[in-house]
Structures are given as C-alpha cells and as structure tokens.
Amino acid sequence: MTQIFTVNSNLTAKLVANLLCDSKTKRQVVSIANDTAIKDFYKMLSSKKSKVCGSYTLKTFVELVKSLKEYIENNPTKIESIIDQLNKNNIELINFSDEVRECHRLIQQSGIRFMEIEDINNVMLIDGKYIYIKDGDEYELGGDCMIVRPNDALSGSIIAYIGATHEELQRITNSTRPARGWYAMECGVNYFNTRDITVKNWYELDDYHKQFTCL
C-alpha cells in the first residue's frame with residue numbers, strides 16, 4: 001500500500017477512513033481523539049499482526065490519522081458521510097468525556113478572559129486596536145486571540161471571544177482545536193458544528209460570516 005502522510009482531499013480522507021474501518025471488526029470500539037488513543041489503536045493492530053502495521057510505523061500511523069482528523073475538523077459538513085462511516089464502525093473522533101471536557105476544564109481554570117460578542121457592529125478597529133463596546137464599557141480584543149462561532153444559524157449559539165492565541169491554548173491543553181473544545185462544552189453544542197478564527201481574520205469577514213461560518 002502506498003503510504004499517505006497528509007489527508008488533503010475528500011478522496012484521501014475516504015481512503016484513510018476505509019483503511020481504519022477495514023483494519024478492525026465493526027464491534028471493536030477505538031478512539032482517534034488524541035495521540036494516546038491513536039497509539040493504543042496501533043498497539044491493538046500490532047497485536048493482531050495487522051497488515052496496516054506492515055505499511056505504517058507507529059510514527060507514520062499517528063501522523064496519518066491526525067491528518068485525517070484535522071481534515072475532518074476543518075471540513076465537517078463536506079464529508080458527513082465519512083464521519084458517519086467512522087461512527088458506525090465505532091471509531092470515536094472526539095471523546096467528550098475526556099478530550100473536550102479536559103480541554104474545557106484547563107481553559108476555564110487558566111484565568112483567560114472570555115466574552116460573548118453580542119453585537120458584531122460594536123467591534124471596530126480603532127488606532128490599530130480591536131475595540132468592543134458593551135454596556136458603556138470598552139474592551140480591547142487581541143488581534144491574534146480567538147473567536148469561536150457556530151456553522152449555521154440553526155445551532156442558535158453565541159459568538160465567543162477567548163483572550164488567548166491558538167498556540168497559547170494548545171500549550172495549556174495539548175488539544176488540536178482547544179478553542180472549539182472549550183466552546184463545545186461551554187455552549188453545549190456539537191464540536192463539529194463550530195469554527196475558530198483569529199480576531200483579525202474574523203473582523204475582515206462580512207456581517208453574515210462573522211455570525212456563522214456557513215461551511
């Protein structure tokens with residue numbers, strides 16, 4: 001089998017999903033929620049002398065599966081059939097009891113500032129600073145800090161500002177998409193129905209896409 005190290009299209013995503021599903025029985029429950037879970041998946045395959053382990057080392061298998069997961073996280077509505085395929089084969093993408101809950105807990109206790117952006121028109125770039133006015137108070141939003149919002153209007157979720165950069169949140173949580181993990185737990189929504197973006201990139205969007213990602 002030709003080794004695929006980067007999933008960058010629906011076709012490669014489908015190929016890797018098929019590889020994972022075919023490598024286990026349908027009733028076996030495995031997770032690809034994080035590096036440890038992927039390692040355990042590989043260990044199980046190794047114990048069964050799976051052909052997958054003949055094509056992939058532990059390192060390349062982890063890289064491959066993480067690439068699939070990242071592609072799914074970035075394109076959730078475009079490949080719903082692949083998400084369904086993995087779920088039906090008991091391959092868990094997100095372990096809400098562990099990864100997302102722990103991500104939420106770590107960010108909550110970090111002292112980072114959170115804020116709901118209730119009116120997008122009250123955010124302006126003034127003298128090189130992103131300023132939000134709420135109830136007569138002025139707040140400066142960091143340009144490299146994170147905004148999280150839902151994919152579409154049906155979710156009814158808020159626009160949330162997290163006063164930390166993606167890299168800072170990753171260092172705190174060791175999570176792939178920490179802002180979205182926090183938001184999923186905080187707002188009680190599906191992780192895959194959210195998107196994160198920096199304040200400076202969000203500010204450049206039109207009004208509709210500031211509210212919703214509309215993937």
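Guide: Before we start, a quick word on terms: helix axes here are lines fitted to C-alpha atoms over the stretch in contact, and angles run from 0 to 180 degrees between N-to-C directions. Also, this is a predicted model.

Visitor: At roughly what angle do the axes of helix α1 and helix α4 cross?

Guide: Helix α1 covers residues 10-22 and helix α4 covers residues 58-74. Their axes come within 10 Å, and they cross at roughly 125 degrees.

Visitor: Is α1 parallel or oblique to α4?

Guide: Take the crossing of roughly 125 degrees. Angles from 65 to 115 count as roughly perpendicular and those over 145 as roughly antiparallel, with the rest oblique. The crossing is also left-handed. So α1 is, relative to α4, oblique.

Visitor: How many nonpolar residues does the contact of α1 with α4 have?

Guide: From α1 come Asn10, Ala13, Val16, Ala17, Leu19 and Leu20, and they meet Phe61, Leu64, Val65, Leu68 and Tyr71 in α4. Sorted by class, there are no charged residues and 1 polar one, and the nonpolar count is 10.

Visitor: Over to the sheet. Which strands stand at the edges?

Guide: The sheet is open, with 3 strands in the order β4-β5-β6 and antiparallel pairing. Each edge strand has a single partner, so one side of it is left without a neighbour in the sheet. The edge strands are β4 (123-126) and β6 (137-141).

Visitor: Which residue in β6 stands opposite tyrosine 132?

Guide: Strand β5 spans residues 129-134 and pairs with β6 in the antiparallel sense over 5 bridges. Opposite tyrosine 132, in β6, you'll find tyrosine 139.

Key: Residues are numbered from 1 along each chain as its sequence is written. This is a predicted model: local features need pLDDT of at least 70, side-chain atom pairs count only at pLDDT 80 or more; totals for chains, interfaces and linings use all residues. Side-chain values use heavy atoms; hydrogens and water are left out. Two strands pair if DSSP finds at least two bridges between them. Helices (H or I, at least four residues) and strands (E, at least two) are DSSP runs, numbered from the N terminus. Angles under 35 degrees count as roughly parallel, over 145 as roughly antiparallel, 65 to 115 as roughly perpendicular and the rest as oblique. A crossing is left-handed if the near helix is turned anticlockwise from the far one by less than a right angle, and right-handed if clockwise. Contact means heavy atoms within 4.5 Å. Ala, Val, Leu, Ile, Met, Phe, Trp, Tyr, Cys and Pro count as nonpolar, Asp, Glu, Lys and Arg as charged, and the others, Gly among them, as polar.
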